[in-house]
Amino acid sequence: MGRTQTFDTGDVVRAARAVFWEHGFESAALPELERVTGLSRSSIYHAFGSKRGLFDAAVDSYLDEVIRPRLAPLTADPVAPTALEEYLTGLRGALTRHDTLPASSGCLLVNASASPIGHDDAVARTIASYRAELRAAFGNGVRARVGAATPDEQRLLADICTGLVISAFASVRVDPEAAIGYLDNARALIAAHSD
């Protein structure tokens with residue numbers, strides 16, 4: 001008969017997620033993961049199979065608890081005309097609050113894309129899917145706000161916004177002002193093309 005689980009899986013995954021988000025998969029040391037989760041190494045391996053299994057659970061948690069709630073107004077039916085600007089303004093706020101992981105560490109998946117774990121096929125697929133999810137949400141926001149633009153113009157605006165948001169996530173650790181500038185440029189671009 002197996003052991004009874006005495007911990008909350010969600011709490012453990014969220015604690016590990018913060019470590020992976022701040023340090024990356026490769027630099028997230030098992031002793032630190034043990035410390036923040038309150039689990040022994042054997043318990044981590046029993047529950048998640050490996051450090052990589054814990055990372056995969058952290059990525060799923062990140063998408064479900066951090067990314068998708070923020071994108072929800074851009075995936076609603078209908079999408080409000082102001083949804084994309086509100087997303088960009090909210091993200092700008094998150095990146096300027098210095099006591100938050102987005103401000104200090106950017107995006108867990110953008111960071112993973114630039115590290116060795118990003119070369120793993122499954123992780124690369126997850127990152128590509130995440131980028132596509134962002135792009136689709138931004139496309140919805142552009143169509144809601146810039147309905148008079150041609151489909152080609154709408155696609156271009158959504159692509160540019162996606163690139164600027166990813167650039168903001170990638171640069172906030174080393175150049176917060178540039179990261180905020182990318183988001184401000186996205187907002188200005190949308191405003192300039194608004195109906």
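# Briefing: a predicted all-helix model

F20 is buried, with a relative accessible area of 1%, a value that falls under the 20% limit below which a residue is called buried. The structure that holds F20 is a predicted model, and the secondary structure of this protein comes to 10 helices and 0 strands. The points below begin with the overall form of the protein, return to F20 and its aromatic partners, and then turn to several other residues.

**Overall form**

- Read from the N terminus on, the elements of the protein follow the order α-α-α-α-α-α-α-α-α-α, and the C-alpha atoms fill a box of roughly 65 × 35 × 30 Å when the box is taken along the principal axes.
- The protein has 195 residues, of which 42% count as buried.
- If one takes the contacts between residues at least 6 apart in sequence, 65% of these contacts join residues that are at least 24 apart.
- The protein exposes about 9800 Å² of surface, and carbon and sulfur atoms supply 53% of that area.
- The protein carries 19 positive and 24 negative charges, and the mean positions of these two sets are 2 Å apart.

**The aromatic rings around F20**

- A search of the whole structure finds 5 aromatic pairs, and one of them joins F20 to F25, with ring centres 6.1 Å apart and planes at 20°.
- Why is the pair of F20 and F25 called stacked? The angle between their planes is 20°, and planes under 30 degrees apart count as stacked, so this pair receives that name.
- F25 counts as buried at 16% relative accessibility, a value that is also under the 20% limit.
- F20 forms an aromatic pair with F55 as well, and this pair is edge-to-face, with 5.2 Å from centre to centre and 85° between the planes.
- The pair of F20 and F55 links distant parts of the chain, since F20 belongs to helix α1 (residues 9–27) and F55 to helix α4, with their positions 35 residues apart in sequence.
- Both F20 and F55 are buried, and F20, F25 and F55 together form one aromatic cluster.

**The largest nonpolar core**

- The largest nonpolar core has 57 residues, and the members that touch the most other members are F20, L33, F55, L74, Y87, Y130 and F138.
- Helix α4 (residues 51–75) gives the largest share of this core, namely 9 residues.
- Y87, leaving aside residues up to four places away in sequence, touches R70, L71, L74, L134, F138, V165 and F169.

**L54 in helix α4**

- L54 has its place in helix α4, and it counts as buried because its relative accessibility is 0%.
- Which residues does L54 touch, not counting those up to four places away in sequence? They are A16, F20, L33, I44 and F48.
- L54 and A16 are 38 residues apart along the chain, and their C-alpha atoms are separated by 7.4 Å.

**Q154 and V146**

- Q154 is found in helix α9 (residues 151–171), and at 12% relative accessibility Q154 counts as buried.
- When residues up to four places away in sequence are not counted, Q154 touches V142, R143, V146, G147 and A149.
- V146, one of these contacts of Q154, is found in the loop between α8 (121–145) and α9, and V146 is buried with a relative accessible area of 1%.
- V146 and D11 are 135 residues apart in sequence, and the distance between them in space is 41 Å, taken from C-alpha to C-alpha.

**D121 in helix α8**

- Is D121 buried or exposed? D121, whose place is in helix α8, counts as exposed because its relative accessibility is 57%, which is over the 50% limit.
- The C-alpha atoms of D121 and A158 are separated by 26 Å, and the two residues are 37 residues apart along the chain.

**A cis peptide bond**

- Most peptide bonds are trans.
- The peptide bond from D77 to P78 is cis, with omega near 5°, and P78 lies in the loop between α4 and α5 (83–96).

Conventions
Residues are numbered from 1 along each chain as its sequence is written. This is a predicted model: local features need pLDDT of at least 70, side-chain atom pairs count only at pLDDT 80 or more; totals for chains, interfaces and linings use all residues. Side-chain values use heavy atoms; hydrogens and water are left out. Helices (H or I, at least four residues) and strands (E, at least two) are DSSP runs, numbered from the N terminus. Buried means under 20% relative accessible area, exposed over 50%, partly exposed in between (1.4 Å probe, protein chains only). Contact means heavy atoms within 4.5 Å. Accessible areas come from the Shrake-Rupley method with a 1.4 Å probe; for residues, only the protein chains shown count as cover. Lys and Arg count as positive and Asp and Glu as negative; His and the chain ends are not counted. The place of a charge is taken as NZ of Lys, CZ of Arg, CG of Asp or CD of Glu. A nonpolar core is a set of buried Ala, Val, Leu, Ile, Met, Phe, Trp, Tyr and Cys residues joined through side-chain atoms within 4.5 Å. Rings of Phe, Tyr and Trp (its six-membered ring) pair if their centres lie within 6.5 Å; planes under 30 degrees apart count as stacked, over 60 as edge-to-face and the rest as tilted.
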